[in-house]
Amino acid sequence: MEAYIVEEPGGNFRKTDLPRPTLRPNHVLVRIKASGVNPLDTKIRAGKASHAKQSLPAVLGVDMAGTVEEIGPDVTAFSRGDEVYGMVGGVGGLQGTLAEFIGVDTDLLAHKPKNLSMRQAAALPLVAITAWEALVDRAQVSAGQTVLIHAGAGGVGHVAAQPARAYRAKVFATVSPDKKNIAESCGAIPIDYRSSSVEEYVAKITAGKGFDIVFDTVGGATLDSSFIAVKRYTGHVVSCLGWGTHSLAPLSMRGATYSGVFTLLPLITGEGRAHHGEILAHITALVEAGKLKPLLNDHVISMVDIDSAHALVEAGAVGKVVVELGS
């Protein structure tokens with residue numbers, strides 16, 4: 001099969017031929033049609049993701065959408081010809097998605113939303129699973145709550161706003177002024193974090209009480225600010241980038257709680273994989289109900305130009321960058 005590999009940290013993608021994956025029990029062979037490119041993918045390629053190591057040379061890429069080509073022993077949830085999507089490899093020694101085919105544990109898959117193209121579907125798995133784990137699994141978002149999403153125009157942020165709205169929460173998002181329209185299009189009320197301090201917008205929006213849920217998708221100082229933006233006693237801060245060293249004093253003084261999200265854990269350890277498929281099934285339902293839509297970058301990139309796709313992501317491209325691998 002045709003595949004693209006990286007041989008050293010920061011190296012270019014090189015086309016090669018590899019054997020088709022041999023199917024194991026509970027696995028299917030998927031013909032990949034599109035592969036999403038996340039900031040995480042660029043960090044793995046650069047060798048700068050200590051939490052998501054992949055020994056090189058390797059086929060990279062964690063997200064994909066495609067069609068089931070063959071089914072392995074004991075598979076009942078999917079059939080040949082099914083259109084599927086998922087976050088399926090690219091870390092922990094697993095083959096990535098920048099290839100013609102991939103063998104996938106069916107626990108990691110869901111049926112692709114019927115109203116999305118392959119390119120659109122490939123933009124969703126990592127960011128949608130992360131958002132769901134944060135807001136639904138950890139913070140247990142519910143109707144009437146106030147939710148603050150940091151970097152609300154980013155890959156995770158713009159997706160997170162939409163299921164929170166589907167749960168009938170009131171959603172706010174910190175964004176730069178030039179991305180205000182993105183937050184609004186996802187149902188969030190934009191907050192210009194450059195012109196207002198945390199204390200100022202907490203006072204203005206919540207009368208100083210704080211937000212029920214604060215979702216940090218940035219890490220660093222943004223996570224520290226989350227600890228002072230959350231509501232006393234019942235507030236919950238959740239972060240998908242809580243990698244640094246932080247003082248818990250502001251959070252503790254509010255009697256609030258914190259949860260971390262590590263979306264890659266099922267891929268790396270094998271534990272909890274079925275929940276990823278379950279989450280994506282929920283995401284499919286939201287998409288087909290018209291309650292969630294990914295924001296895609298305008299550039300349409302083919303498999304022979306993967307380096308350019310990574311360059312776009314590293315430059316901070318607006319919207320998800322996706323590589324198309326087949327028609």
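1. Contact here means heavy atoms within 4.5 Å, and the term is used in that sense for the packing of helices described below. The model under review is a predicted one, and every value quoted in these points is computed from it.

2. In helix α1 (residues 39-46), the buried residues are L40, D41, T42, I44 and R45, a set that includes both D41 and R45 beside L40 and I44. These buried residues pack against strands β1, β2 and β3 and against helices α3 and α11 (306-314). Just after α1, G47 takes a positive phi of about 75°.

3. Helix α4 (residues 155-166) is largely enclosed by the rest of the structure, because nine of its twelve residues are buried. The residues concerned are V156, G157, H158, V159, A160, A161, Q162, P163 and A164, and they pack against α3, β9 (146-150), β10 (170-175), α5 (180-185), β12 (213-216) and α10. Just after α4, R168 takes a positive phi of about 65°.

4. Two of the helices that α4 packs against, α3 and α10, also pack against each other: α3 (residues 125-138) and α10 (residues 273-288) do so at an angle of about 95°, with their axes 10 Å apart. That angle makes α3 roughly perpendicular to α10. On the α3 side the contact involves P125, A128, I129, W132, E133 and D137, which meet H275, H276, I279, L280, H282, I283 and L286 in α10. Sorted by class, this contact has eight nonpolar, three polar and two charged residues.

5. The count of salt bridges comes to ten, and a few of them deserve individual comment. The side chains of K15 and E2 meet in a salt bridge at 3.9 Å, N to O, a value to be read against the cut-off of 4 Å. This pair links distant parts of the chain, with K15 in strand β2 (residues 13-17) and E2 in strand β1 (residues 2-6), 13 residues apart. E2 counts as partly exposed, at 25% relative accessibility.

6. A further salt bridge joins the side chains of R14 and E7, at 3.1 Å, N to O. As to the surroundings of this pair, R14 is partly exposed, with a relative accessible area of 37%, and E7 also counts as partly exposed, at 45% relative accessibility.

7. The side chains of E69 and R31 meet in a salt bridge at 3.2 Å, N to O. E69 lies in strand β5 (residues 63-71) and R31 in strand β3 (residues 27-37), so the pair ties together parts that are 38 residues apart in sequence. R31 is partly exposed, with a relative accessible area of 25%. The pair also belongs to a network of salt bridges in which R31, E69 and E100 are linked.

8. Which cysteine sulfur is closest to that of C186, and is the distance short enough or too far for a bond? The closest is the sulfur of C240, and at 16 Å it is too far for a bond, since a disulfide calls for sulfur atoms within 2.5 Å. C240 is likewise in no disulfide, its nearest cysteine sulfur being that of C186. The count of disulfides accordingly comes to zero. As for accessibility, C186 counts as buried at 10%, and C240 counts as buried at 12%.

Note on methods
Residues numbered from 1 in each chain as written. Predicted model: local features only at pLDDT ≥ 70, side-chain atom pairs only at ≥ 80, totals over all residues. Heavy atoms only, no water. Axes fitted to C-alpha atoms, helices over the stretch in contact; angles between N-to-C directions. Helix = DSSP H or I, 4+ residues; strand = E, 2+ residues; numbered from the N terminus. Parallel < 35°, antiparallel > 145°, perpendicular 65-115°, else oblique. Nonpolar A, V, L, I, M, F, W, Y, C, P; charged D, E, K, R; others polar. Buried < 20%, exposed > 50% of the residue type's maximum accessible area, 1.4 Å probe, protein only.
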